[in-house]
Amino acid sequence: MSVSPSPNAEHIEFWNDVLFKPFLAFRSTFVAIGDAHSRGPIDRLGLRPGDRVLDVGCGFGETTFQLADLVRPGGHALGTDCCEPFLAIARDDAAAAGIENVAFADLDAQTAGFEPEFDVAFARFGTMFFQNPTAGMRNIRSALKPGGRLLMIVWASLEANQSMSFAKEIVERHIPPPPDDAPNCGPGPFSMADPVVVETILRIAGYEEISFQQTDVLANVGPTVEDAMAFQLSLGPAAAIFREGGDLAIEKRPAIEAEMREVLQRHARPDGVYMSTSSWAVAARNS
């Protein structure tokens with residue numbers, strides 16, 4: 001496997017310099033939400049002992065560890081991400097847990113030179129950030145053996161994800177959208193929300209037997225209302241606007257928080273704040 005210079009260098013820098021810290025701060029919340037959407041599709045994959053699995057955009061490595069466990073004995077999982085601080089934690093966690101059939105690589109899956117050695121390529125909320133999604137999905141296919149399978153979890157539409165849409169609507173009432181040239185993480189979490197668009201991308205990229213299965217979950221978006229509000233202003237579409245708001249965001253924060261708190265309180269339970277989330281499990285096969 002070779003690593004080429006990435007056309008996504010600015011986005012990769014944003015992940016490393018800006019997004020890593022809030023993801024670390026809210027790791028348990030984000031991972032719990034992600035697991036609610038990926039656990040079922042992973043279990044239905046039918047992985048077998050000896051399979052080799054590529055985990056694209058693996059973050060802290062939780063899915064890599066799940067996949068590695070399912071391919072024992074004899075199998076192996078490689079987790080890849082463009083954010084080295086994520087991978088440093090994943091490697092430490094693997095060593096602490098004594099997980100030996102995993103490895104982690106710092107690379108951009110859109111451009112890395114893969115060998116066709118994997119039975120399955122998996123991604124949980126990682127492929128939506130490719131600057132060129134067709135090129136990215138074609139490059140992932142280059143890592144698959146003939147007949148190898150793809151499974152990626154992507155967010156459904158913003159409208160289907162109240163857990164994120166409500167906060168964006170509130171912030172937008174107080175702060176204008178950031179300029180087009182503002183630093184960002186790439187196309188964004190909803191770039192693969194339309195099945196028609198995604199199927200077209202995958203067919204052009206050379207996949208076949210493409211299917212979609214929707215998962216709708218009432219997810220715990222924070223242990224308390226205050227935690228859930230901090231999560232929304234740190235990660236996701238509302239945070240992207242708030243982050244670029246500068247002095248205006250500071251000025252408007254009390255009003256924004258008051259509106260968000262009112263909504264979140266309606267969804268609070270003794271064990272946390274629960275709101276609707278929706279994703280697609282997209283499956284396909286290498287020709």
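Which residues in H6 meet which residues in H10? Some notes on that and a few other spots follow.

1. Ground rules. This is a predicted model, with local features needing pLDDT of at least 70 and side-chain atom pairs counting only at pLDDT 80 or more, while totals for chains, interfaces and linings use all residues. Residues are numbered from 1 along each chain as its sequence is written, and side-chain values use heavy atoms, leaving out hydrogens and water.

2. H6 on H10. To take the opening question: Phe-166, Ala-167, Ile-170 and Val-171 in H6 meet Ile-256, Glu-259, Met-260, Val-263 and Leu-264 in H10 (contact means heavy atoms within 4.5 Å). By class, this contact has eight nonpolar, no polar and one charged residues. Here Ala, Val, Leu, Ile, Met, Phe, Trp, Tyr, Cys and Pro count as nonpolar, Asp, Glu, Lys and Arg as charged, and the others, Gly among them, as polar. Helices (H or I, at least four residues) and strands (E, at least two) are DSSP runs, numbered from the N terminus.

3. Geometry of that pair. The axes of H6 (residues 162-172) and H10 come within 9 Å and cross at roughly 155°, which makes H6 roughly antiparallel to H10. Axes are lines fitted to C-alpha atoms, for helices over the stretch in contact, with angles running from 0 to 180 degrees between N-to-C directions. Angles under 35 degrees count as roughly parallel, over 145 as roughly antiparallel, 65 to 115 as roughly perpendicular and the rest as oblique. The crossing of H6 and H10 is right-handed (near helix turned clockwise from the far one by less than a right angle; anticlockwise would be left-handed).

4. H8 on H10. H10 (residues 246-265) also packs with H8 (residues 225-232), at an angle of about 125° and with the axes 10 Å apart; that makes H8 oblique to H10. This crossing is right-handed as well. From H8, Val-225, Glu-226, Ala-228, Met-229 and Gln-232 meet Glu-257, Met-260, Arg-261, Leu-264 and Gln-265 in H10. The split is five nonpolar, two polar and three charged. Met-260 and Leu-264 turn up in the H6 list too.

5. Aromatics. I'd look at the rings next: the structure holds eleven aromatic pairs. Rings of Phe, Tyr and Trp (its six-membered ring) pair if their centres lie within 6.5 Å, and planes under 30 degrees apart count as stacked, over 60 as edge-to-face and the rest as tilted. Phe-26 and Phe-231 have ring centres 5.6 Å apart and planes at 55°, so they are tilted. Phe-26 sits in the loop between H1 (9-25) and H2 (27-44) and Phe-231 in H8, so the pair ties together parts 205 residues apart in sequence. Phe-26 is buried at 14% relative accessibility, and Phe-231 is buried at 8% (buried is under 20% relative accessible area, exposed over 50%, partly exposed in between, with a 1.4 Å probe and protein chains only). Elsewhere, ring pairs link Trp-15, Phe-20, Phe-23, Phe-30, Phe-60, Phe-86 and Phe-129 into a cluster.

6. Thr-64. This residue of H3 (residues 62-70) is buried, with a relative accessible area of 0%. Not counting residues up to four places away in sequence, Thr-64 touches Asp-55, Cys-58, Ala-77, Leu-78, Gly-79, Val-102 and Phe-104.

7. Gly-59. The loop between S1 (52-56) and H3 holds Gly-59, which is buried at 13%. Leaving aside neighbours within four places in sequence, Gly-59 contacts Asp-81, Phe-86, Leu-87 and Ala-90.
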